[in-house]
Amino acid sequence: MAKVKGSIVVNIERCKGCGVCVPSCPQSVIALHEDVNAKGYHYAYMANPEECTGCANCAMVCPDAVITVYRMKVNE
Amino acid sequence: MAEKITTNDIVKEENLVFRKTPLFIDKPLSYCPGCGHGVAHRLVLETIEEMGIQSETIGVAPVGCSVLAYEFMDIDMQQAAHGRAPALATAIKRLHPEKFVFTYQGDGDLAAIGTAETIHACNRGENITIIFINNGIYGMTGGQMAPTTLPGMKSSTSPYGRDIKTMGNPLKITELVAQLPGTYYVTRQAVHTPGAVRKAKKAIRMAFENQKLNKGVSFVEIVSNCNSGWKMEPVQANEWMVENMFPFFPLGDIKVPAEQK
C-alpha cells in the first residue's frame with residue numbers, strides 16, 4: 001500500500017517559539033524543543049517524525065515561514 | 001517491508017511541497033512571536049510570486065507594526081504617512097495604471113487616522129488592492145485602544161474594558177466600505193488555522209486578479225491577533241480571537257461581484 005511520508009526542516013535560528021504550529025499538526029508531530037536557540041526561544045522540532053505526512057499545516061500557520069516541508073510516497 | 005525511511009530520504013529537492021517564498025528578503029521579521037502579520041506578508045508575497053508580477057507590483061507600507069514591510073518584501077514599495085496609504089496608492093495607480101498597486105495597513109492606520117483616505121479612495125473606486133490587518137488594538141505603540149477595540153476589551157488606555165458610553169462604539173469599517181459603489185470585492189478573512197490561511201490566500205489572489213478588470217477597490221480584511229498587546233500567549237490569543245473577535249467581526253465575503261459568485 002502506498003503511504004505518504006513527510007518531513008519538515010525548521011530554520012532553528014529564525015524560529016520564535018510561538019507554538020502556533022503545535023495545535024495545527026493533525027498528527028501531533030511537531031513540538032517545542034526543551035533547548036533554546038541563540039535568541040532564547042524554544043524552537044519547533046519533529047518530536048514524532050515517524051507520523052509526519054507532509055501536510056504542510058504547520059508551515060501554513062507559521063508566522064515566520066521557518067518551516068520547509070517535504071513529502072514522498074512510499075510503497076510498503 | 002521496505003527499508004526504514006529516514007528523514008534524510010524524504011528531505012530532497014524533488015519532494016519539496018512548501019518552502020519560504022524567495023520574495024521574502026532574507027532577514028528575521030521584526031514582529032512578535034505568533035503575530036499574524038508574518039502570515040499575511042507571506043500570503044501577499046506568494047500571490048505575487050504565483051502571478052509572476054514581482055516587477056509589476058508596487059506596495060505601500062503603512063505606519064504601525066508593519067511600517068517596516070518594505071524591509072521584508074522584495075518588491076517595489078513606498079512608505080506612506082500615517083493613514084495616507086490609499087491616497088498614495090491612488091497616485092501611484094493613476095501614474096502607472098499597468099502596475100499592480102496594493103496597500104498593507106493595520107487598523108490604527110486604516111480605520112483611525114486614515115478613515116477619510118480609506119473611505120474616499122473606496123468611494124472613488126480606485127483600482128487598487130487594500131490589505132487590512134485588524135487586531136483591535138494599536139500594537140506598535142503599546143496596546144492602546146483603537147477604533148476597532150471590542151466593547152469591554154481591555155487595552156492600556158481602557159484598563160477596565162472599553163465602555164461604549166464614554167468611548168464610543170467599535171468601527172466595522174469593512175462593512176462600511178462595502179456599502180460604497182467604488183468597492184468591487186470586500187471580504188474578511190483570518191490566518192489563525194491552516195484552513196483559514198488557505199481561504200485568505202484565495203481572497204488575496206482574487207483581490208490582485210481584480211486589478212486586471214479595472215472595476216474598483218478590492219478590500220481584504222484579515223482579523224489577526226496581537227498577543228503582546230492583548231497580554232496573552234500566541235496560541236491563547238488565537239483562541240481568544242475566535243471566541244471574541246469573530247462574533248463581532250464575522251469571517252466571510254461581504255461584497256462579491258455578481259459575475260464571480
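**The interface of chain A and chain B**

Let me begin with the contact between the two chains, to which chain B contributes 37 residues and chain A contributes 35 residues. I should say at once that this is a predicted model, and everything that follows should be heard with that in mind.

Between chain B and chain A an area of about 2900 Å² is buried, and carbon and sulfur atoms give 64% of that area. On the side of chain B, the residues that lose the most area to chain A are B:I10, B:V17 and B:F18, which together make up 20% of what that side buries.

Turning to the polar part of the interface, nine residue pairs are found in polar contact across chain B and chain A, with both residues at pLDDT 80 or more. The count of salt bridges between the two chains is one, and here the side chain of A:R14 meets that of B:D26 at 3.1 Å, taken from N to O. As for where the side of chain B that touches chain A comes from, the elements of chain B that give two or more residues to it are α1 (7-10), β1, α2 (36-51), α9 (194-209) and α11 (234-248). Divided by residue class, that same side of chain B holds 20 nonpolar, eight polar and nine charged residues.

Now to the strands. Within chain A, strand β1 (residues 2-10) and strand β4 (residues 67-75) run antiparallel and are joined by nine bridges, and in this pairing A:K5 stands opposite A:M72 of β4(A). The strand β4(A) also pairs with strand β1 (residues 16-18) of chain B, again in the antiparallel sense, over two bridges. Which residue of β1(B) is the bridge partner of A:V69? That partner is B:F18, a residue I have already named among those of chain B that lose the most area to chain A.

Let me finish with one residue of the loop between β1 and α2 of chain B, namely B:P22. Is B:P22 buried or exposed? Its relative accessibility is 52%, and because the exposed class begins over 50%, B:P22 counts as exposed. Although B:P22 and B:D74 are 52 residues apart along the chain, their C-alpha atoms are separated by 8.3 Å.

Conventions: Residues numbered from 1 in each chain as written. Chains lettered and ligands numbered in written order. Predicted model: local features only at pLDDT ≥ 70, side-chain atom pairs only at ≥ 80, totals over all residues. Heavy atoms only, no water. Pairing = 2+ DSSP bridges. Helix = DSSP H or I, 4+ residues; strand = E, 2+ residues; numbered from the N terminus. Contact = heavy atoms within 4.5 Å. Buried area = accessible area lost by both parts, 1.4 Å probe. Salt bridge = Lys/Arg side-chain N within 4 Å of Asp/Glu carboxyl O. Polar contact = N/O pair within 3.5 Å; in protein donor to acceptor, adjacent residues only side chain to side chain. Nonpolar A, V, L, I, M, F, W, Y, C, P; charged D, E, K, R; others polar. Buried < 20%, exposed > 50% of the residue type's maximum accessible area, 1.4 Å probe, protein only.
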